[in-house]
Amino acid sequence: MRIRVLLNSGSTINEGRLAKGGDKLSPEYQKECAVAVIHSVVFKELGCPERIKVISNDETREVVVTAKCEDSVTPEQIFMPRAIWANVVVNPETFSTGSPLYKGSPVFIEATDEEVKSAEDIVLKVYAGGK
């Protein structure tokens, strides 16, 4: 089952602490940032998955993250910390502002058994041409 939601991304206290401390390749950073907060209703609709795949609106980019069930978001949205995992699926268009749309980006989500990739693996696969 694939569900369309709006992706909101932003900094968290721990994401900022780890990023500013130079720990973007650490397991702790991945645990903090390779997540998507999903409303409990949607989480149940997806079958209470451990991981979900977040797919860009144009279906050209996707990333696997850990699913985190919380009612801090509405059923129509998910939240991901602003990090490389969210950057994969955020629309890169900046509308001449110099910054992409980190709030309200339409995406699809679905349950998956695929593993969450490390930041290093994402850089190599997505941004360095799969080397």
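**Salt bridges and a six-stranded barrel**

The structure holds 8 salt bridges. The model is a predicted one, and several of these charged pairs can be followed in it residue by residue.

A good place to start is the pair formed by Arg-2 and Glu-59, whose side chains meet in a salt bridge with an N to O distance of 3.3 Å. This pair ties together distant parts of the chain, since its two members lie 57 residues apart. Arg-2 belongs to strand 1, while Glu-59 sits in the loop between strand 3 (51–56) and strand 4 (62–69). Arg-2 counts as partly exposed because its relative accessibility is 40%, a value between the limits of 20% and 50%. Glu-59 is likewise partly exposed, with a relative accessible area of 49%.

A second salt bridge joins Glu-50 to Arg-51, and here the closest N and O atoms are 3.0 Å apart. How do the two partners stand, buried or exposed? Glu-50 has 60% relative accessibility and therefore counts as exposed, as the cut-off for that class is over 50%. Arg-51 has 13% relative accessibility, so this residue counts as buried, the cut-off for that class being under 20%.

A third example is the salt bridge between Lys-68 and Glu-70, in which the closest N and O atoms are 3.6 Å apart. Lys-68 is partly exposed, with a relative accessible area of 41%, and Glu-70 is also partly exposed, at 29%. Some salt bridges share partners: in this way Arg-2, Glu-59 and Glu-110 are joined into one network. The pair of Arg-2 and Glu-59 described above is thus part of that network.

It helps to place these residues in the fold. Which order do the strands follow around the closed barrel? The barrel has 6 strands, which run 1-5-2-4-3-6, and their pairing is mixed. Neighbouring strands of this sheet are turned against each other by 45° on average, with direction ignored.

One pairing in the barrel can be looked at more closely. Strand 1 (residues 2–10) and strand 5 (residues 77–81) run parallel and are joined by 5 bridges. Within this pairing, Asn-8 stands opposite Phe-79 of strand 5. Strand 1 also brings the discussion back to its beginning, as Arg-2, the partner of Glu-59, is located in this strand.

Key
Residues are numbered from 1 along each chain as its sequence is written. This is a predicted model: local features need pLDDT of at least 70, side-chain atom pairs count only at pLDDT 80 or more; totals for chains, interfaces and linings use all residues. Side-chain values use heavy atoms; hydrogens and water are left out. Two strands pair if DSSP finds at least two bridges between them. Helices (H or I, at least four residues) and strands (E, at least two) are DSSP runs, numbered from the N terminus. Axes are lines fitted to C-alpha atoms, for helices over the stretch in contact, and angles run from 0 to 180 degrees between N-to-C directions. A salt bridge is a side-chain nitrogen of Lys or Arg within 4 Å of a carboxyl oxygen of Asp or Glu. Buried means under 20% relative accessible area, exposed over 50%, partly exposed in between (1.4 Å probe, protein chains only).
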